[in-house]
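Here's a report to read with the picture open beside you. Take it slowly and find each piece as we reach it.

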Number of protein chains: 2
Amino acid sequence: MTDILETIFKRRSIRSYEDRPVEREKLIQLLQAGTAAPSACNNQPWEFVAVDEPAVMEQFHTRLEDGPYNAPAAIVVCYNPQVGQTQRCDRFWEQDCSAATENIHIAAVGLGLGTVWLGVHPIEETISIVKDIVKLPEHVTPLAVIYIGYPAEKKEPRTKYNESIIHWQGYGHKK
Amino acid sequence: MTDILETIFKRRSIRSYEDRPVEREKLIQLLQAGTAAPSACNNQPWEFVAVDEPAVMEQFHTRLEDGPYNAPAAIVVCYNPQVGQTQRCDRFWEQDCSAATENIHIAAVGLGLGTVWLGVHPIEETISIVKDIVKLPEHVTPLAVIYIGYPAEKKEPRTKYNESIIHWQGYGHKK
């Protein structure tokens with residue numbers, strides 16, 4: 001197995017974190033990983049809010065229904081239609097921002113960090129709460145909140161590969 | 001820089017491929033990487049069509065407007081609402097399938113392969129063409145076609161990181 005495949009299998013949703021901060025340098029590396037993602041027409045319709053102030057994290061922990069875990073840091077991956085390079089490709093923004101989000105998760109594993117993806121878009125109520133916490137302008141949409149920290153739980157690497165969901169050449173061929 | 005960060009920076013859109021097939025074993029590893037992605041509520045609402053028959057690839061090459069590149073293999077990442085484990089989370093399908101797509105891209109770099117992400121959803125005409133080529137049932141939606149092969153072009157690793165799109169703690173803080 002290649003190292004990269006092993007890293008991908010090691011990425012598991014971590015919901016318990018050590019009580020120590022994440023280095024700024026590592027957060028910046030995660031942001032560099034996110035912004036290395038592909039985007040349709042190279043549109044790059046994304047912005048990121050990076051959070052490591054305890055008072056802001058506390059707001060996520062207490063106000064997000066799916067967010068009570070004790071992560072010391074977070075990255076909010078956002079869509080801003082005003083920063084895209086090629087706005088006719090804006091209809092792909094959810095895919096572009098999701099690719100950036102996944103890059104951050106995978107990079108975190110390589111840095112010894114754990115993460116969990118908290119879904120925001122398209123839940124209107126959660127969008128409102130996140131926008132309020134990190135003061136997003138009206139036209140910016142948060143796709144997801146990624147919690148980040150040193151893992152205090154251990155999970156086994158895994159894939160959920162299953163031949164029944166793979167179709168070779170097309171439906172009905174299966175070989 | 002960690003190996004994984006380097007791999008993420010190395011993932012570039014490859015549009016020229018060597019004239020040799022991709023080993024089945026490697027295609028299966030890519031599918032294992034895709035199915036290791038996170039999904040909302042662990043829904044796993046995805047199916048995959050893996051293609052390495054020249055006759056099917058030829059259809060992609062000739063019928064997809066953005067697909068004339070000579071890749072010998074492809075994976076079509078699909079959403080099937082009938083395979084999800086937790087269907088109340090189906091509204092996150094585009095994010096789930098995009099995370100799986102990005103995992104495949106990153107894993108490919110580690111296997112010495114090149115890829116390019118061809119956008120399909122939400123372009124109705126492209127969806128129809130892809131459904132026709134790989135015989136998808138009415139209820140299955142193709143998100144993307146990933147072209148796969150040994151790269152015949154070299155691109156430098158890169159990130160598109162840019163401080164102007166990073167907001168620390170929230171909008172208006174920038175520090």
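## Where two chains share a sheet

Let's begin with one pair of residues: Phe48(A) sits opposite Ile166(B), which belongs to β5(B). Keep in mind that this is a predicted model. The strand carrying Phe48(A) is worth a longer look. Strand β1 of chain A covers residues 46–51, and it pairs with β5(B) in the parallel sense over 3 bridges. There's another facing pair here, as Ala50(A) stands opposite Trp168(B) in β5(B).

β1(A) has a partner within chain A too: β1(A) and β2(A) pair in the antiparallel sense, over 6 bridges. Within that pairing, Trp46(A) has Tyr79(A) of β2(A) as its bridge partner. In general, strands of a sheet pair through backbone hydrogen bonds, and the pairing can be parallel or antiparallel.

So is β1(A) enclosed or open to the outside? It's largely enclosed by the rest of the structure, because 6 of its 6 residues are buried. To call a residue buried here, 20 or more other C-beta atoms must lie within 10 Å of its own. The side chains go two ways: Trp46(A), Phe48(A) and Ala50(A) point to one side of β1(A), while Glu47(A), Val49(A) and Val51(A) point to the other, and all are buried.

## The whole sheet

Now zoom out a little. In what order do the strands of the sheet run? The order is β3(A)-β4(A)-β2(A)-β1(A)-β5(B), which makes an open sheet of 5 strands with mixed pairing. At the edges you'll find β3 of chain A (114–119) and β5 of chain B; each has a single partner strand, so one side of each is left without a neighbour in the sheet. From one strand to the next, the twist averages 20 degrees.

A helix packs on this sheet: α4 of chain A, residues 93–110, touches β1, β2 (73–79), β3 and β4 (141–149) of chain A. The direction of α4(A) makes about 5 degrees with that of β4(A).

## The other copy

How does chain A relate to chain B? Rotate chain A by 180 degrees, with 0.0 Å of shift along the axis, and it superposes on chain B with an RMSD of 0.0 Å. That's the relation of a two-fold axis. Both copies use the same surface, since 100% of the contact residues of chain A recur in chain B.

With that in mind, look at the other strand pairing between the chains: β5(A) pairs with strand β1 of chain B (residues 46–51) in the parallel sense, over 3 bridges. There, Ile166(A) has Phe48(B) in β1(B) as its bridge partner.

How many residues does each chain bring to the contact? It takes 62 residues from chain A and 62 residues from chain B. On the chain A side, α1 (3–10), α2 (24–34), β1, α4, β3 and β5 (166–168) each supply at least two residues. The most comes from α4(A), with 11 residues. Here is that side of chain A sorted by class:

| Class, side of chain A that touches chain B | Count |
|---|---|
| Nonpolar | 33 residues |
| Polar | 19 residues |
| Charged | 10 residues |

## Two spots on chain B

Helix α2 of chain B spans residues 24–34, and its buried residues include Leu27(B), Leu30(B) and Leu31(B). What do the buried residues of α2(B) pack against? They pack against α1 and β5 of chain A, together with β1, β2 (73–79), α4 (93–110) and β4 of chain B.

Next, find Lys160(B) in the loop between β4 (141–149) and β5 (166–168) of chain B. Lys160(B) is partly exposed, with 16 other C-beta atoms within 10 Å. Setting aside neighbours within four places in sequence, Lys160(B) is in contact with Thr35(A), Ala36(A) and Gln44(A). Its C-alpha atom is separated by 9.3 Å from that of Phe9(B), although the two residues are 151 apart along the chain.

## Chain A as a whole

Finally, step right back. Chain A has 5 helices and 5 strands, and along the sequence they follow the pattern α-α-β-α-β-α-β-α-β-β. Its C-alpha atoms fill a box of roughly 55 × 45 × 30 Å along the principal axes. A compact globule of 175 residues would have a radius of gyration near 16 Å, and chain A agrees with that at 17 Å. Buried residues make up 53% of chain A's 175 residues. Among contacts in chain A between residues at least 6 apart in sequence, 80% join residues at least 24 apart.

Methods
Residues numbered from 1 in each chain as written. Chains lettered and ligands numbered in written order. Predicted model: local features only at pLDDT ≥ 70, side-chain atom pairs only at ≥ 80, totals over all residues. Least-squares fit on C-alpha atoms with pLDDT ≥ 70 in both. Contact = placed C-beta atoms within 7 Å. Helix = DSSP H or I, 4+ residues; strand = E, 2+ residues; numbered from the N terminus. Buried ≥ 20, exposed ≤ 12 C-beta atoms within 10 Å, placed from the backbone. Pairing = 2+ DSSP bridges. Axes fitted to C-alpha atoms, helices over the stretch in contact; angles between N-to-C directions. Rg over C-alpha atoms; globule rule 2.2 N^0.38 Å. Nonpolar A, V, L, I, M, F, W, Y, C, P; charged D, E, K, R; others polar.
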